[in-house]
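Here is a short tour for anyone who likes to see how a fold is held together. Have the viewer open and follow along.

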Amino acid sequence: PPAPVGDAGADGPPGYSGMPGRDGSPGRKGYFGDPGTPGVDGKAGAQGADGEKGQPGLDGFTPSNAPAGPPGFRGARGAAGAKGKVGYTGAPGDEGECGDTGLPGEVDMTPQQLAGEPGEPGQAGAKGSVLNTEYAQMQTYAFHTQTNQFEDCPSGMTEIMRGFSFLYFDSSSGSGHGVPLSNPGSCMATFSIQPVMECTTNTCEVKGDDSSLWMPTADIPKDTPLSEFYPVEELIFGGRQNDDSEKIKQFISRCSVCESPSTVMAIHSFTSSVPGCPEKWEELWVGFSLMMVKILYINLHYSRLVID
């Protein structure tokens, strides 16, 4: 078994100095010391960069009794606005005054060009009628189309001329004169609003207040009111610039004067029925009876125009 521990020996002499030990670990952070004495003010630093633009501030409060501020600067012109809606149609303006008479026009054509080129030969005429009589006489009649177109003479007749259907005229003296529609004088070669002259013993003149009546066209389209077919505005005829002469002529009936070897007669029924032709007479057309006095009156009796 182990021997018992003996008594401690006497202290030995000091040993030699050992080698320096390794650095120890950093100690804990000490407590804050007392504040030191303020240092001397440093020099002014360089100017810093501009900061970012801040958010708009809240609207300020203006007292009710505050004086008005000075006018602001004129703002820039705004962009063009959108196109507005079409406005209402304005009321018709007043009738303007008549313009001055225009200068005479010039014709830039030779006489040959005005006359036109010769036409082609016409077709051979119908064979003439031969009457077994020594007392036969040629008759002349006017035929009215009641349209603005010309028509040929009835079969067996020869055309003499064409023109416009004339009815009646009033003179400044208060007298008026009409022409039977079958008379060649009712077919005027030229349309004129004053087709007559008033003459006294020594002088003749055209009165400014004379008027004339002409047969209008009657070929009105079906279901078309008269107010829509005939013009309602005032039309100017002749003597002025941009007159309505040609437009007026569109509403004037055309006619033809024909030469007939036999008599033409109108038969009236005095009823609303169409009368028949006498024996051995040939029918030309069926129409309505027209009675003409100082003004025109039209009844609705049918008539039949016949030729023997």
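## Two disulfides

A disulfide here is a pair of cysteine sulfur atoms within 2.5 Å. By that cut-off, this predicted model holds 2 disulfides. Cys-153 and Cys-258 form one of them, with their sulfur atoms 1.9 Å apart. Which hand does this link have? The torsion about the S-S bond of Cys-153 and Cys-258 is about -90 degrees, so the disulfide is left-handed. Cys-153 sits in the loop between strand E1 (139-144) and E2, while Cys-258 belongs to strand E8 (residues 254-260), so the pair ties together parts that are 105 residues apart in sequence. Both Cys-153 and Cys-258 are buried.

The other link is formed by Cys-187 and Cys-255, whose sulfur atoms are 2.1 Å apart. With 100 degrees about the S-S bond, the link of Cys-187 and Cys-255 is right-handed. Cys-187 lies in strand E4 (residues 187-188) and Cys-255 in strand E8, so this pair ties together parts that are 68 residues apart in sequence. Are these two cysteines buried or exposed? Cys-187 has a relative accessible area of 3% and is therefore buried, and Cys-255, at 0%, is buried too. For another cysteine, Cys-277, the value is 27%, so Cys-277 counts as partly exposed.

## The overall layout

Stepping back, the secondary structure of the chain comes to 3 helices and 11 strands. Along the sequence, the pattern reads α-β-β-β-β-β-β-β-α-α-β-β-β-β. Of the 308 residues in the chain, 16% are buried. The chain exposes about 26,700 Å², and carbon and sulfur atoms supply 53% of that area.

How much of the contact map is long-range? Among contacts in the chain with a separation of 6 or more, 65% are between residues 24 or more positions apart.

## Strand E2 and its partners

Strand E2 (residues 158-170) is a good place to start reading the pairing. E2 and E8 pair in the antiparallel sense over 6 bridges; there, Arg-162 of the pairing has Ser-256 in E8 as its bridge partner. E2 also pairs with E4, again in the antiparallel sense, over 2 bridges, and the bridge partner of Ser-165 in E4 is Cys-187. Cys-187 is also one half of the link with Cys-255.

Two further strands join E2. Strand E7 (residues 211-214) pairs with E2 in the antiparallel sense over 4 bridges, and 3 bridges join E2 to strand E3 (residues 176-178), also antiparallel. Asp-170 takes part in both pairings: Asp-170 stands opposite Ser-211 in E7 and opposite Gly-176 in E3.

## Nonpolar cores

In soluble globular proteins, nonpolar side chains tend to be buried together. Which residues make up the largest nonpolar core? There are 8 of them: Phe-164, Phe-166, Phe-169, Val-179, Phe-191, Trp-214, Ile-248 and Ile-252. Strand E2 gives the largest share of this core, 3 residues.

A second, separate core has 6 residues, among them Phe-143, Cys-153, Met-157 and Val-264. Cys-153 is thus a member of this second core as well as a partner in the disulfide with Cys-258.

## Loops and backbone details

Most residues other than glycine have a negative phi. Two residues are worth a look with that in mind. Phe-270 has a positive phi of about 60 degrees although it is not a glycine, and Lys-280 has one of about 70 degrees, likewise without being a glycine. Phe-270 lies in the loop between strand E9 (264-268) and E10, and Lys-280 is placed in the loop between E9 and E10 as well. Phe-270 has 67% relative accessibility and so counts as exposed; Lys-280, at 78%, is therefore exposed also.

Ser-289 lies in strand E10 (residues 282-292). Its relative accessibility is 8%, so Ser-289 counts as buried. The side chain of Ser-289 makes a polar contact of 2.7 Å with the side chain of His-268.

Finally, Leu-235 is found in the loop between helix H2 (226-229) and helix H3 (245-249). At 24% relative accessibility, Leu-235 counts as partly exposed. Leu-235 and Lys-247 are 12 residues apart along the chain, and their C-alpha atoms are separated by 8.3 Å.

How values were computed:
Residues are numbered from 1 along each chain as its sequence is written. This is a predicted model: local features need pLDDT of at least 70, side-chain atom pairs count only at pLDDT 80 or more; totals for chains, interfaces and linings use all residues. Side-chain values use heavy atoms; hydrogens and water are left out. A nonpolar core is a set of buried Ala, Val, Leu, Ile, Met, Phe, Trp, Tyr and Cys residues joined through side-chain atoms within 4.5 Å. Buried means under 20% relative accessible area, exposed over 50%, partly exposed in between (1.4 Å probe, protein chains only). Contact means heavy atoms within 4.5 Å. Accessible areas come from the Shrake-Rupley method with a 1.4 Å probe; for residues, only the protein chains shown count as cover. A polar contact is a pair of N or O atoms within 3.5 Å; within protein, one must be able to donate a hydrogen and the other to accept it, and residues adjacent in sequence count only if both atoms are side-chain atoms. Two strands pair if DSSP finds at least two bridges between them.
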